[in-house]
Amino acid sequence: SCDDHIVMFSRVKYYLPKLLLTPIGHTFVYMEYVDKLLLLSSSQEDRESFETVKGLLEPLKFELHKQIPLLPKESLMRTNSRVRRQNAIEKTKELQTTVEHWDKDIGQCCNEFIKEDTLMKLVSGKRNTERKVFLFDGLLVLCKANTRKQTVSGTTNNYDFRMKERFFMRKVDIIDRHDSEELKNSFEIAPREPHSVVLIAKNAQHKNEWMADLIMLNTKSMLE
């Protein structure tokens, strides 16, 4: 169908370039292995073999290092799953103390913390509003800065943010929105219910980065 073609085009446009960086990251890991094996090997014959391999890899290493400044470093190397899980646990604990209305139980669907950022939210008929965004592998949370540090009852509120919206990644569609004169660099988070949210990035590159991460999470089970 037409919708399926649109979804597939978005995957190729935004996520494929990020996937293509994975072999580059693996190459740097292999080079580190060769250096460590060369250092630790007690066999002269093995050391000579590793020296040969290292020499053969030098031209490739030189070319890759020239390109590194142009590549997003977080895409080149991923930590192991245990470290990613621990980072997610620590982040959810932090958000329990900094985000008002954060439900500690929702952290159960967060096995990996992807990133935090600031985006604008499209508000119909009003001025667009800023959102602090926290992205986990299973959850997208939109927060508003807490400018009122005192509650109606007069007690002090120490939260930095108030949770405004949250979306479970397995229950939403990520929709690319074409630029218009009125709105540029936007994309839509469309849950099955109740209503969708349009978010606006700072520029085209910023949007590309967000779309790559969101599509990766949204289609992770299928791609794996």
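**Exercise 1.** In this predicted model, find which backbone nitrogen a side-chain oxygen of Ser43 reaches at the start of helix 3.

*Solution.* Go to the start of helix 3 and pick out Ser43. One of its side-chain oxygens comes to within 3.4 Å of the backbone nitrogen of Glu45. The cut-off for a polar contact is 3.5 Å, so this pair makes the list.

**Exercise 2.** Work out how the span of helix 3 compares with the expected one, and where the helix kinks.

*Solution.* Start with the residue range: helix 3 covers 44-67, which is 24 residues. Next, take the distance from its first C-alpha to its last: 34 Å, close to the 34 Å expected at 1.5 Å a residue. Now check the axis. There's a kink of about 40° at Glu58, and the proline Pro59 follows shortly after.

**Exercise 3.** Decide whether the two faces of strand 7 are covered or open.

*Solution.* Use the cut-off first: buried means under 20% relative accessible area. Strand 7 spans residues 186-191, and six of its six residues are buried. Then split them by side. In a regular strand, side chains alternate between the two faces of the sheet. Here one side holds Ser186, Glu188 and Ala190, while the other has Phe187, Ile189 and Pro191. Every one of these is buried, so both faces are covered.

**Exercise 4.** Identify the strands that pair with strand 7.

*Solution.* Take strand 6 (residues 172-176): it runs antiparallel to strand 7, joined by five bridges. Asp173, for instance, has Ala190 as its bridge partner. Then try strand 8 (residues 197-200), also antiparallel to strand 7, with four bridges. There, Ile189 sits opposite Val197. Finally, look at the connection: strands 7 and 8 make a hairpin, with five residues between them.

Terms used:
Residues numbered from 1 in each chain as written. Predicted model: local features only at pLDDT ≥ 70, side-chain atom pairs only at ≥ 80, totals over all residues. Heavy atoms only, no water. Expected span 1.5 Å × (residues − 1). Bend = angle between axes of the 7 residues up to and from the residue. Polar contact = N/O pair within 3.5 Å; in protein donor to acceptor, adjacent residues only side chain to side chain. Buried < 20%, exposed > 50% of the residue type's maximum accessible area, 1.4 Å probe, protein only. Pairing = 2+ DSSP bridges.
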